[in-house]
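Please read the points below beside the sequence and the coordinates. They are set out by topic, and each can be checked separately.

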Amino acid sequence: MSQVPASLLTLIAGIVITLLSVWVSLNHGLLPEQVSEQAPLVDNLFSIMLGIAFALFLVVQGAILIFVIKYRRPPGDDTDGVFLEGNFPLEIVWTAIPALIVIGLGIYSVDVYQRMGGFAPSTGMMAHSHPSAHVAHQPGHPPGSAIAAPLVADAADPASASVMDPDSEKAYKLPIYGFGAPPEAKNKADVTVNVVGLQYAWLFTYPDDGLTTGELHIPVGKSVQLNITAQDVIHSLWLPQFRLKQDALPGEKSQLNFVATKTGTYPIVCAELCGSYHGSMRTQVIVHTPEDYQQWLEENKVAQANSLNQAIAANPAEMSVSEFLTPYGEEMGINAEMLKQLHPHQ
């Protein structure tokens, strides 16, 4: 049988490796369920990177295996191997191919970042705000002196932070980190939630409705904006099923804009080692239908209002001694008949 040409074997191997890599990139099943409009963008990028990595793995490991078998040392042969000097065309090839792959992935990842709103005007720019931008002059202070402006205006409204321009004495907003609204989204998000991370919990405040919860509730199919900050140390808000993660930094603001596509309950994880109980800093996001979300809002407005009234009514400073002790006596099984037997003259 005549020997099969090496070029034909290389062609067949290339076709097989390509088909296997495409199949792996489409059927890896490594990522959780997609529940946001942004998730497919990230998944497509990940799948392409995985396919390329798998193809390179097969090429490198296959070459090693072939060379180990074909060029293994014969029994009794203790001579040195053949000296090989560099092959310039081959070096050009194995340098150019990885370079093209890296450049292509870089361009594609920037495109994904842009489509997710990473360069949206709402975020200002992704450039880091220089510390000098965090100081402001005040009238009455000598020229050249400056005082520190508040880095976060208010934990209840992290998106409102601003500083004074030292020249014009006009306030301007600080740049905000994170994924902004997609370029085509010109209007305000349907739901705005202020998120504060602290050791070891997340607090979600709905400024338009006056609610504060330990879980994130959002409607499906509506644009959501999270204004994120931290109270103590660096945390990181990670929503795996949404393919979104954003650091929460003390004194800085960050933002996430997204749209949920499926109802359900999904985990929220702190992805930054933030202390001894970092592993317990978990909560969940509940995606409602618009009708259920509206019902949740109305019910919690009433519930939180009732809780406030009950708290005021139960203020011990405004209660008599008997009113304060009555609930404890009932829990201990003490009633009026028992007290009469213990103190018959009273």
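**Notes on the model**

1. To begin with the largest pocket, α1 (6-27) and α2 (39-70) each contribute at least two residues to its lining; helices here are DSSP runs of H or I with at least four residues and strands are runs of E with at least two, numbered from the N terminus. The model is a predicted one, in which local features need pLDDT of at least 70 and side-chain atom pairs count only at pLDDT 80 or more, while totals for chains, interfaces and linings use all residues. Residues are numbered from 1 along each chain as its sequence is written, and side-chain values use heavy atoms, with hydrogens and water left out.

2. The largest pocket encloses about 570 Å³ of space, and 16 residues line it, with L9, T10, A13, I66 and F67 lying nearest its centre. The most is given to this lining by α2, which supplies 7 residues. A pocket is an open set of points on a 1 Å grid over the protein atoms alone, where a 1.4 Å probe fits, with protein on both sides within 12 Å along at least five of seven lines, and lining residues have an atom within 4 Å of a point. Grid points are joined across faces, edges and corners, and the volume is the space filled by probe spheres set on the points.

3. In character, the lining of the largest pocket divides into 11 nonpolar, 4 polar and 1 charged residues. For this count, Ala, Val, Leu, Ile, Met, Phe, Trp, Tyr, Cys and Pro are nonpolar, Asp, Glu, Lys and Arg are charged, and the others, Gly among them, are polar.

4. How many salt bridges does a search of the whole structure find? The search finds 6, a salt bridge being a side-chain nitrogen of Lys or Arg within 4 Å of a carboxyl oxygen of Asp or Glu. One of them pairs K262 with E33, with the closest N and O atoms 3.3 Å apart. This pair links distant parts of the chain, since K262 is in the loop between β13 (254-259) and β14 (264-270) and E33 is in the loop between α1 and α2, 229 residues apart. Both partners are partly exposed, K262 at 37% relative accessibility and E33 at 40%, where buried means under 20% relative accessible area, exposed over 50% and partly exposed in between (1.4 Å probe, protein chains only).

5. A salt bridge within a single helix joins the side chains of D111 and R115, at 3.1 Å from N to O. Both residues lie in α3 (residues 88-115), 4 residues apart, about one turn of the helix. D111 is partly exposed, with a relative accessible area of 33%, and R115 is also partly exposed, at 44%.

6. K301 and D209 meet through their side chains in a salt bridge of 3.4 Å, N to O. Because K301 lies in α4 (residues 290-313) and D209 in the loop between β7 (201-206) and β8 (211-213), the pair ties together parts that are 92 residues apart in sequence. K301 counts as partly exposed at 31% relative accessibility, as does D209 at 25%. D209, E298 and K301 are joined into one network by salt bridges that share partners.

7. The structure holds 0 disulfides, a disulfide being a pair of cysteine sulfur atoms within 2.5 Å. For C270, which is in no disulfide, the nearest cysteine sulfur is that of C274, 3.9 Å away, and this separation is too far for a bond. Both cysteines are buried, C270 with a relative accessible area of 3% and C274 at 6%.

8. Two serines may be worth viewing in turn. S25 is in α1 and is buried, with a relative accessible area of 13%; leaving aside neighbours within four places in sequence, S25 is in contact (heavy atoms within 4.5 Å) with S47 and G51. S276, in the loop between β14 and β15 (282-288), is exposed at 69% relative accessibility. The C-alpha atoms of S276 and Y200 are 9.3 Å apart in space, and the two residues are 76 apart in sequence.

9. For the protein overall, the secondary structure comes to 6 helices and 15 strands, and 29% of the 346 residues count as buried. Of the contacts between residues at least 6 apart in sequence, 66% join residues at least 24 apart.
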